[in-house]
Amino acid sequence: MFEDIRLPVWFKESYLNEIVAVGIGLKKVARQFVPAEYISIYSNILKKNGFEFVLLTDKNYFYVSRTKEFAKKACQYEINIIMFYNNQCDFDVFCKYVRKLGVLLGFPDCCVEFYLSCWLEQGITLTEKEGKIYSSEPNYAYWSYKNTKKIYKIDFRMNNFHFHSLLSFFPCSYDCKSALDYATVLFKNLSAEQRTVVYEGLRGTFLVLDESNMVIFKDSGDIKRNVVDYNPKKVMFRGMDKLLMDSIKNGNKLELGKNKICVFKDDEVIYEYEQYSGPFLLSFC
Ligand SMILES: [Zn+2]
């Protein structure tokens, strides 16, 4: 369905999973952010393939579904959710619409409740007059990690940090069985070609500073006591501090301390990076 030559390869590969999930009924609605320049092309593709959609224009979010009614509902729930960010509705109303949207998006209940618990933990401020009000977006990745018992050899299907991800939500932990079931069904329903792309993309050791800053070590072997031996030619970056990025490119071993990252070249420290809230490592294979 993504045969349009005006679309870049990354677009075709990363938007497909969600469309397949809607197509097989794993979710009633997919929510997708689409860069402005691709909106009209993508709209035509969806129409041509029998999908209904609603566009939330100021966010460039598409709500894609088999039925217009579900797409409209999802968009309306999101509008209600956004009101909380502007302190125009209270936290209980926010929770109500997050749960409703979660059902349409096919997210497991445990992971939706986890998402709300992150807000309680980190995202809201209690005031005497207004009650629970928005303060800042929680670091969901960190809380998913905190809940995870096994950070080594996680099933690659659970990796939600990559644009080929099968999960479009944060799992309540990387051991969450419901999230893995969801990802397994979706993976099985992809074409053989897309399965290869997803498998290659999702494997690797991920150093996560936050959702927009991370390092991916390909073929690095497993994590040993928070140490990664890696091949500097097989490292990828997303976001990231320039100095840290350059030192990782020049090194071949990384050690994660409590709030610190040390980069080594042949056992000699070449850079130390301090970060207040703890970075973490997850290894997907
Ligand atoms: Zn869960």
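**Legends to the close-up views**

**View A. The loop that holds Asn87.** Asn87 is located in the loop that joins helix H3 (68-85) to helix H4 (91-104). Helices (DSSP runs of H or I, at least four residues) and strands (runs of E, at least two) are numbered from the N terminus. The model is a predicted one, in which local features need pLDDT of at least 70, side-chain atom pairs count only at pLDDT 80 or more, and totals for chains, interfaces and linings use all residues. Residue numbers start from 1 along each chain as its sequence is written. Asn87 is not a glycine, yet its phi is positive, near 55°. Most residues other than glycine have a negative phi. Asn87 counts as exposed because it has 11 C-beta neighbours inside 10 Å. A residue is exposed if 12 or fewer other C-beta atoms lie within 10 Å of its own, buried if 20 or more do, and partly exposed in between, with C-beta atoms placed from the backbone.

**View B. The loop that holds Asp266.** Strand S11 (260-265) and strand S12 (268-274) are joined by the loop in which Asp266 is found. Asp266 has a positive phi of about 45°, although it is not a glycine. It has 8 C-beta neighbours inside 10 Å, so Asp266 counts as exposed.

**View C. The two sides of helix H7.** Helix H7 (residues 177-188) has twelve residues, which at 1.5 Å a residue should span 16 Å, and its end C-alpha atoms are indeed 16 Å apart. The expected span is 1.5 Å times one less than the number of residues. Ala179, Tyr182, Ala183 and Leu186 of H7 are buried. They cover an arc of only 90° around the axis, so they are on the same side of H7; the arc is that of the directions from the helix axis to the C-beta atoms. The exposed residues Lys177, Asp181 and Lys188 are carried on the face of H7 turned away from its buried side. Helix H1 (9-23) and helix H5 (109-123) are among the parts that cover the buried residues of H7.

**View D. Tyr63 and Ala71 in the largest nonpolar core.** A nonpolar core is a set of buried Ala, Val, Leu, Ile, Met, Phe, Trp, Tyr and Cys residues joined through C-beta atoms within 7 Å. The largest one has 66 residues, of which Tyr63, Val64, Ala71, Cys111 and Tyr115 touch the most other members. H5 gives the largest share of this core, six residues. The core lies between domain 1 (9-201) and domain 2 (203-284), because both give residues to it. Tyr63 belongs to strand S3 (residues 61-65) and, with 27 C-beta neighbours inside 10 Å, counts as buried. Tyr63 and Val29 are 34 residues apart in sequence, but their C-alpha atoms are 6.2 Å apart in space. Leaving aside neighbours within four places in sequence, Tyr63 is in contact (C-beta atoms, placed from the backbone, within 7 Å) with residues including Val29, Phe53 and Ala71. Counted in that way, the contacts of Ala71 include Val29, Glu52 and Tyr63.

**View E. The contact between domain 1 and domain 2.** The chain is divided into domain 1 (9-201) and domain 2 (203-284), with bounds from an automatic or database domain assignment. The C-alpha centres of the two domains lie 27 Å apart. To the contact, domain 1 gives 15 residues and domain 2 gives 14 residues. On the side of domain 1 that touches domain 2, helix H6 (140-146) and helix H8 (192-202) each supply at least two residues. The largest share of that side, three residues, comes from H6.

Terms used. Contact = placed C-beta atoms within 7 Å.
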